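Colleague: I'm new to this structure. Could you take me through one spot in it, the place where two helices pack together, and tell me what meets there?

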Amino acid sequence: MKRVVELNADIGEGWDDDALAPWLDSCNIACGGHTGDEASMTAALRLAARFKLKAGAHPSWPDPANFGRLTMAMGQTPFLYAMRQQLDRIQAIASREQ
């Protein structure tokens, strides 16, 4: 039996996504929590479309100063609000890009 491995990477984080994209099957796009803004999310979605990559969301702690690496003490409500904001934002951009 032949095994197939799907190659996935986080994009929209300020690295050379154009060089990486041809090798990927799918990508996760930074949604503005740890990094990313409307311009980077738009560019990442366009890149994913150009290379026919499955695109997913990559939300994170709202911690751009530490690139989302620190665990934050947040209650469930503020955490869910932060996640919802990020997901709504990338969904709105993706809807405009279709």
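Modeller: Sure, starting with some terms. Helices (H or I, at least four residues) and strands (E, at least two) are DSSP runs, numbered from the N terminus. Axes are lines fitted to C-alpha atoms, for helices over the stretch in contact, and angles run from 0 to 180 degrees between N-to-C directions. This is a predicted model, where local features need pLDDT of at least 70 and side-chain atom pairs count only at pLDDT 80 or more, while totals for chains, interfaces and linings use all residues. Residues are numbered from 1 along each chain as its sequence is written, and side-chain values use heavy atoms, with hydrogens and water left out.

To get your bearings, the protein has three helices and three strands, in the order β-α-β-α-β-α from the N terminus.

Now the close look. Helix α2 covers residues 38-50 and helix α3 residues 76-97; they pack at about 50°, and their axes are 10 Å apart. That makes α2 oblique to α3 (not under 35 degrees, roughly parallel; over 145, roughly antiparallel; or 65 to 115, roughly perpendicular).

And what touches what? With contact meaning heavy atoms within 4.5 Å, α2 brings Glu-38, Met-41, Thr-42, Leu-45 and Arg-46, and these meet Arg-89, Ile-90, Ile-93, Ala-94, Arg-96 and Glu-97 of α3. Sorted by type, the residues of this contact are five nonpolar, one polar and five charged. Here Ala, Val, Leu, Ile, Met, Phe, Trp, Tyr, Cys and Pro count as nonpolar, Asp, Glu, Lys and Arg as charged, and the others, Gly among them, as polar.
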